[in-house]
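Student: I am new to this structure and would be grateful for a close look at a single part of it. Could you please take one helix and explain how it is placed among its neighbours?

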Amino acid sequence: METSKTKLGADHLDTLTSMANLALTWKAQGRQADALVLIQGCAQAQQGVLGPEHPNTLSTQAIIEDWSI
């Protein structure tokens, strides 16, 4: 993810995808708090870059809702 941020920029679609994937990995490893913070940051960036109705943004929001239960 850090390489993507450096090479492509923090708001590049590939960087945002890397962010979401890392959050999912952290969640699977039991790092729930870290994963939630990262996925929330990803969702915020996606809303700014892709818009609130984009499928990726909606999917990320659904993950946040699921993890927040």
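Tutor: What follows is an account of one helix and its surroundings. The model is a predicted one, and the helix chosen here is α2, which covers residues 13–28.

The partner to consider first is helix α3, residues 32–49. The axes of α2 and α3 are 8 Å apart, and the two helices pack at an angle of about 160°. An angle over 145 degrees counts as roughly antiparallel, and α2 is therefore roughly antiparallel to α3. The crossing of α2 past α3 is left-handed. On the α2 side, the contact is formed by Leu 16, Met 19, Ala 20, Leu 22, Ala 23, Trp 26 and Lys 27. From α3 come residues including Ala 35, Leu 38, Ile 39, Cys 42, Ala 45 and Val 49. Sorted by class, this contact of α2 with α3 holds 12 nonpolar, three polar and two charged residues.

The partner α3 deserves a few words of its own. With 18 residues at 1.5 Å a residue, α3 should span 26 Å, and this agrees with the 25 Å between its end C-alpha atoms. Its buried residues are Ala 35, Leu 38, Ile 39, Cys 42, Ala 43, Ala 45 and Gln 46. These buried residues of α3 pack against both α2 and α4. Just after α3, Gly 51 adopts a positive phi of about 100°.

Helix α4, residues 55–67, is also a partner of α2. Here the axes come within 12 Å and cross at roughly 20°. Angles under 35 degrees count as roughly parallel, so α2 and α4 are roughly parallel to each other. The crossing of α2 and α4 is left-handed. In this contact Leu 13, Ala 23, Leu 24 and Lys 27 of α2 meet Asn 56, Ile 63 and Trp 67 of α4. By class, the contact of α2 with α4 has five nonpolar, one polar and one charged residues. Ala 23 and Lys 27 of α2 appear in the contact with α3 and also in the contact with α4.

One residue of α2 remains to be described, namely Thr 15. Thr 15 has a relative accessible area of 0% and is therefore buried, the limit being under 20%. Apart from neighbours within four places in sequence, Thr 15 is in contact with Met 1, Ser 4, Lys 5, Leu 8, Gly 9 and Ala 10.

Notes: Residues numbered from 1 in each chain as written. Predicted model: local features only at pLDDT ≥ 70, side-chain atom pairs only at ≥ 80, totals over all residues. Heavy atoms only, no water. Axes fitted to C-alpha atoms, helices over the stretch in contact; angles between N-to-C directions. Helix = DSSP H or I, 4+ residues; strand = E, 2+ residues; numbered from the N terminus. Parallel < 35°, antiparallel > 145°, perpendicular 65-115°, else oblique. Left-handed = near helix turned anticlockwise from the far one by under 90°. Contact = heavy atoms within 4.5 Å. Nonpolar A, V, L, I, M, F, W, Y, C, P; charged D, E, K, R; others polar. Expected span 1.5 Å × (residues − 1). Buried < 20%, exposed > 50% of the residue type's maximum accessible area, 1.4 Å probe, protein only.
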